[in-house]
Amino acid sequence: MLFFHVRIHARIGPVKEGVSSGDVVMSDEGDAARNSRKLRASRDRWKQRSAEKQQQIRQLRVTNRDLSLSRDQWKARVKELEEQLRALRAAPESPSVDGPHVCVFLGARCSIGPEHS
């Protein structure tokens, strides 16, 4: 009965008899464990990157919401001021002595009648 012993080497090339330095015998168990560790590390890195991206997406959604609200408030403010400006332009150039005087101060409307003069 003949038995053959097969050795798998980590390096590529012919096996030199009598040289033991650099010859690393790899077993199937060690190779599987190494692959398993690599896969777990890769999965963990992927999960970490995914979690960071999800956090960034949530933060950008909040920023977008805040900016949209601010833009809407400023649009409303501009419309209000444009209406006030149209009203002032439509008012008579020379105010009557009896009527109230209208003035605009930083967007706020004030009425000054003859009793305040």
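Modeller: Before we start, a helix here is a DSSP run of H or I with at least four residues, and a strand is a run of E with at least two. Keep in mind that this is a predicted model.

Biologist: Okay, so in which element is arginine 40 found?

Modeller: Let's set the scene with the whole chain, whose secondary structure comes to one helix and two strands. Helix α1 covers residues 28–90. Arginine 40 is found in helix α1.

Biologist: In what order do the elements of the chain run from the N terminus?

Modeller: We have one helix and two strands to place. Reading on from the N terminus, the order is α-β-β.

Biologist: Is arginine 40 buried, partly exposed or exposed?

Modeller: Buried means under 20% relative accessible area, and exposed means over 50%. Arginine 40 has 41% relative accessibility, so it falls in between and counts as partly exposed.

Biologist: Which side chain makes a polar contact with the side chain of arginine 40?

Modeller: For a polar contact, we look for N or O atoms within 3.5 Å. The side chain of arginine 40 has such a contact at 2.7 Å, and the partner is the side chain of serine 36.

Biologist: Which residues gather with Arg40 in a patch of positive charge?

Modeller: Lys and Arg count as positive, so those are the names to look for. This patch lies on the surface, and one of its members, arginine 37, is found in helix α1. Gathered with Arg40 are Arg34, Arg37 and Lys38.

Biologist: What about opposite charges: how many salt bridges does the structure hold?

Modeller: Side chains of opposite charge can pair when their charged atoms come close. Among the pairs here is arginine 43 with aspartate 44. The total for the structure is four.

Biologist: How far apart are the closest N and O atoms of arginine 43 and aspartate 44?

Modeller: Arginine 43 is partly exposed at 41% relative accessibility, and aspartate 44 is partly exposed at 41% too. Their closest N and O atoms are apart by 3.2 Å.

Biologist: And which residue forms a salt bridge with aspartate 66?

Modeller: Aspartate 66 is partly exposed, with 39% relative accessibility. Its partner has 47% relative accessibility, so it counts as partly exposed. The closest N and O atoms are 3.1 Å apart, and the partner is arginine 65.

Biologist: Last one: how far apart are the closest N and O atoms of aspartate 72 and arginine 71?

Modeller: Aspartate 72 is partly exposed at 40%, and arginine 71 is partly exposed at 46%. A salt bridge needs the atoms within 4 Å. Here the closest N and O atoms are apart by 3.9 Å.

Definitions and conventions: Residues are numbered from 1 along each chain as its sequence is written. This is a predicted model: local features need pLDDT of at least 70, side-chain atom pairs count only at pLDDT 80 or more; totals for chains, interfaces and linings use all residues. Side-chain values use heavy atoms; hydrogens and water are left out. Patches are made of residues with over 30% relative accessible area and no salt bridge: like charges are joined within 9 Å, nonpolar side chains (Val, Leu, Ile, Met, Phe, Trp, Tyr) within 5 Å. Accessible areas come from the Shrake-Rupley method with a 1.4 Å probe; for residues, only the protein chains shown count as cover. A salt bridge is a side-chain nitrogen of Lys or Arg within 4 Å of a carboxyl oxygen of Asp or Glu. The place of a charge is taken as NZ of Lys, CZ of Arg, CG of Asp or CD of Glu. Buried means under 20% relative accessible area, exposed over 50%, partly exposed in between (1.4 Å probe, protein chains only). A polar contact is a pair of N or O atoms within 3.5 Å; within protein, one must be able to donate a hydrogen and the other to accept it, and residues adjacent in sequence count only if both atoms are side-chain atoms.
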